[in-house]
Amino acid sequence: MRLLKRSLPIIVVAANLLLISFLSAAQKHYKVPIMQKEWSRDYRPFRIAGNLYYVGTYDLACYLITTPQGHILINTGLAASAPMIRKHVETLGFRFSDIKILLATHAHYDHVGAMAQIKKMTGAKLMVNEKEAAVLADGGNSDYAMGGKGRLFEPVKADRLLHGHDTINLGGMQIIALCHPGHTKGATSFLFDVTDQNRTYRVLIANMPSVIVPKLSGVTGYPGIIKDYAYTIDALKELKFDIWLSSHASQFDLHAKHRPGDGYHPEVFMDRAGYDAKIADLQKDYLKNIEND
């Protein structure tokens with residue numbers, strides 16, 4: 001008993017040190033090149049169409065696709081966004097632990113920052129394009145535009161590597177993964193159907209090919225980048241859909257189409273003209289970037 005009493009303070013100190021160490025690791029902050037307040041600002045989750053829901057922040061779009069066999073989460077936002085996304089999922093009446101599959105439009109810290117954490121929290125399988133896997137595994141350090149200065153987010157290992165036009169299946173959902181490289185080497189758009197009591201909607205979650213470097217011709221870590229941008233812009237023009245969404249709420253004018261508290265109105269996201277105009281603007285930016293090369 002005396003030995004136990006003498007040992008107790010040591011045990012308590014050791015336990016406290018272990019807890020501090022764990023918390024420090026869990027709360028580690030990564031230095032990122034850009035941060036915008038809209039990326040972490042809360043936004044009320046809502047039903048977009050059928051079994052598709054918006055669960056992201058004010059500008060960083062995250063999507064929940066629900067099925068009887070579990071759910072699919074596309075994108076996670078920043079590293080600090082995990083509790084917010086969980087709250088949004090539960091606010092909508094779904095269990096966070098029922099998320100079975102994690103997807104990403106591309107491996108930048110503002111879209112996959114919380115991927116490792118949510119993967120641990122849910123036990124979900126991460127499925128990404130084969131060319132994004134290495135960037136996810138090294139925490140963004142090998143990204144051609146923002147890498148080279150250390151990790152930008154917690155590294156996470158993919159469970160399945162996707163290729164062009166691979167299909168993700170769960171609970172009756174069939175999601176086609178479209179490789180649209182340029183913004184990143186394995187940037188991905190997703191095409192699928194959702195249904196409500198009135199009709200079926202073909203949904204496109206488009207990874208928009210915005211140019212993020214001063215001169216594409218100067219990118220040494222991605223030799224085929226100019227060709228990939230051209231391919232993606234042409235490919236996006238040809239897609240057929242009813243509803244389109246994207247990685248950033250601002251890209252598809254979410255806040256002009258939906259305000260917190262609005263009812264269920266899938267039709268506001270049926271905006272082919274807005275999509276075509278956005279692609280045209282991005283093509284102009286791309287052509288301006290490569291002129292005189």
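A residue is called buried when its relative accessible area is under 20%, exposed when this is over 50%, and partly exposed in between (1.4 Å probe, protein chains only). The model is predicted, so that local features need pLDDT of at least 70 and side-chain atom pairs count only at pLDDT 80 or more, while totals for chains, interfaces and linings use all residues. Residues are numbered from 1 along each chain as its sequence is written, and side-chain values use heavy atoms, with hydrogens and water left out.

Seven strands (DSSP runs of E, at least two residues, numbered from the N terminus, as are helices, which are runs of H or I of at least four) form an open sheet of mixed pairing in the order E1-E2-E3-E4-E5-E6-E7, where pairing requires at least two DSSP bridges. Strand E1 (46-49) and strand E7 (160-162) are the edge strands, each pairing on one side only.

Within this sheet, strand E4 (71-74) directs His71 and Leu73 one way and Ile72 and Ile74 the other, all of them buried. Strand E3 (residues 63-65) pairs with E4 in the antiparallel sense over three bridges, with Ile65 opposite Ile72; the two strands form a hairpin with five residues between them, and Gly70 in the turn has a positive phi of about 125 degrees. E4 pairs with E5 in the parallel sense over four bridges, and Ile72 stands opposite Ile101 in E5.

Strand E5 (residues 99-103) is also paired with strand E6 (residues 125-129), in the parallel sense over two bridges, and Leu102 stands opposite Leu126 in E6.

Definitions and conventions:
Contact means heavy atoms within 4.5 Å. Axes are lines fitted to C-alpha atoms, for helices over the stretch in contact, and angles run from 0 to 180 degrees between N-to-C directions.
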